[in-house]
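Open the model in your viewer and keep the sequence panel beside it. Each stop tells you what to select and what to look for there.

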Amino acid sequence: MFDFSSPLFWYRLIFLTELIIAEAFFTFKLRRRAYFALRVALSAAVCYGITFLFPIAAYNAFYVSFMFMIIFGMTIAGLYACFDAPLLNIVFCAIAAYSVQHIAYEVYTFLLTAFGLQTAPGGPYEQTSRQLFDIWSFAIYIESYAVMYGFMYLLFGTRIKSGENLRIGNVSLLVISGLILLVAVVLNLVVTYRMDENTDIVLCLTIHGYNVICCVLAVFIQFFMLGRKKMQTEFDTLQRLHEQERRHYELFKYNVDYINVKCHDLKHQIRRIASEGKVRDAVISEIENAVNIYDSDIKAGNETLDIVLTEKRLVCARNGISFSCIVDGGRLDFMSDSDMCSLFGNALDNAIEATCRIEDREKRSIGLNVKQSREFVSVCVRNSFDGEITFDGDLPETTKGDTINHGYGMKSMRSITERYDGQLSVTAEDGVFTLNMLFPMKNS
């Protein structure tokens, strides 16, 4: 079990170190859990401890592959304990990291073989720990891993943004990438343990080159999938903006027609004033309301936010909701269009829905305030409501019966807020629901 003379026994610890470093390149931008440094220390200690104690029951390709996969699985568990990200995001980053580690290993082995430094049978899995004490092998090792880790990070790792939810849309492609990696590792080990002094060097170099291509393909598939999902998200955002602009136009057209009708009626009222010397208060109130609706275009200092707020204000007008807003939209320039649409769209849709349940139209009101407060950008949405609101933790539960397809709006808003290092809180007291979001000014 503890064969300290076996190079493979010590190589496992080297492999784990290589894997942890590769995973750090792809995960350091993910949101961290509380007590992050302590979690990292404990997770690393557990991984190294279990790896050290893991028995080497056999020296063959399939058992060694199984051992490496167990070590890989432990690092995934450790990453999940350290980072506050969906498990699918953790697996995505871990598979990319293992692929990069295997690419670096194959490049290293390729160079050893090409320079004639790979001489003993059994392959580098059982030689690396010894060869690292050779100055030339060590130089090739450092150069291979440093160059490949750096190159693959610049090529792929930089596409992961700080605090970003990767939104892995196509799980099947992620599974395919994982299978490509698994097959590359297993087949490489099969060949490694079949090699001897008489193995054709050209065949060895071809196998190492083939493994590099397979793992690069696996990483490319992952980030192609990620890029395609981002493009789809941006396209959906543009579609929503265009749809809102279309509704905005239609609503204004409706309001213009409405005003034209009222102006036509006003001519008759003027004639009546001329004949009777007075006009009814109800007529004046009706005309004022029509003019107010017509003059509902909002200029908040951010084009995307202007569209969203104008469309929501017109919805409020149609439903008899008093909507007031004091918004410094320029303070929100750090936020992407898609996040802004989702954040304010969800917040105001929820407020409108709750307010529309109030039968007394005089009590229907929504207020929005966006301002700078010291070193923060403060966003506050208040609306009146009727009835009771129940909370699930610190967020309100959906009022719809279908909890599977509803109730994600508030979670989405919290996710967006946290993406910009902000905080979200809600209260519901005395018939007033208050949604507060606070963003640090460093993002703006």
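The tour goes from the whole chain to a sheet, then to its helices, and ends at a patch on the surface.

**Stop 1: the whole chain**

Select everything. Remember that this is a predicted model. Colour by secondary structure. The chain holds 12 helices and 7 strands. Now show the surface. About 23,300 Å² is accessible, and carbon and sulfur atoms own 60% of that area. How many residues does the chain have, and what share of them is buried? There are 444 residues, and 43% of them count as buried. Look at the contacts next. Among contacts with a separation of 6 or more, 74% join residues 24 or more positions apart.

**Stop 2: the open sheet**

Select β1, β2, β3, β7 and β6. These 5 strands form an open sheet in the order β1-β2-β3-β7-β6, and their pairing is mixed. Which strands stand at the edges? They are β1 (322-327) and β6 (423-429). Each has a single partner strand, so one side of each has no neighbour in the sheet. Turn the sheet and follow its twist. From one strand to the next, the twist averages 10°.

**Stop 3: from β6 to β7**

Select residues 432-440, which are strand β7. β7 and β6 run antiparallel, with 7 bridges joining them. Pick out glutamate 429. Its bridge partner is valine 432 in β7. Keep valine 432 selected. Valine 432 is also the bridge partner of serine 384.

**Stop 4: strand β3 and its partners**

Select β3. Is this strand mostly covered or mostly open? It is mostly covered, with 7 of its 9 residues buried. Look towards β7. β3 and β7 pair in the antiparallel sense over 9 bridges. Now look towards β2. β2 and β3 are antiparallel as well, with 8 bridges between them. Asparagine 369 stands opposite cysteine 380 in β3. Follow the chain round the turn. β2 and β3 make a hairpin with 2 residues between them. Click on arginine 374 in that turn: its phi is positive, at about 60°.

While the strands are on screen, try showing side chains. In a regular strand, side chains alternate between the two faces of the sheet.

**Stop 5: helices on the sheet**

Return to the helices that pack here. Start with the sheet's twist, which averages 10° between one strand and the next. Add α10 to the view. α10 packs on the sheet and touches β1 and β2 (365-373). The direction of α10 makes about 160° with that of β1. Next add helix α11, residues 337-356. α11 also packs on the sheet, touching β1, β2, β3 (376-384) and β7. Its direction makes about 20° with that of β3.

**Stop 6: lysine 312**

Stay with α10, residues 303-318, and select lysine 312 in it. Is lysine 312 buried or exposed? Lysine 312 counts as buried because its relative accessibility is 7%, and the cut-off for buried is under 20%. Show what surrounds this residue. Leaving aside residues up to four places away in sequence, lysine 312 touches Gly345, Leu348, Asp349 and Ile352.

**Stop 7: a nonpolar patch**

Switch back to the surface view. Select Leu88, Val171, Val175, Leu179 and Leu182. Together they form a nonpolar patch with about 380 Å² of accessible area. Which helix gives the largest share? Helix α7 (residues 171-194) does, with 4 residues. Finish on leucine 88, which lies in helix α4 (residues 87-114). Leucine 88 is partly exposed, at 32% relative accessible area.

Definitions and conventions
Residues numbered from 1 in each chain as written. Predicted model: local features only at pLDDT ≥ 70, side-chain atom pairs only at ≥ 80, totals over all residues. Heavy atoms only, no water. Buried < 20%, exposed > 50% of the residue type's maximum accessible area, 1.4 Å probe, protein only. Contact = heavy atoms within 4.5 Å. Areas by Shrake-Rupley, 256 points an atom, 1.4 Å probe, with all protein chains shown as cover. Pairing = 2+ DSSP bridges. Axes fitted to C-alpha atoms, helices over the stretch in contact; angles between N-to-C directions. Patch = residues over 30% accessible without salt bridge, like charges linked within 9 Å, V, L, I, M, F, W, Y side chains within 5 Å. Salt bridge = Lys/Arg side-chain N within 4 Å of Asp/Glu carboxyl O.
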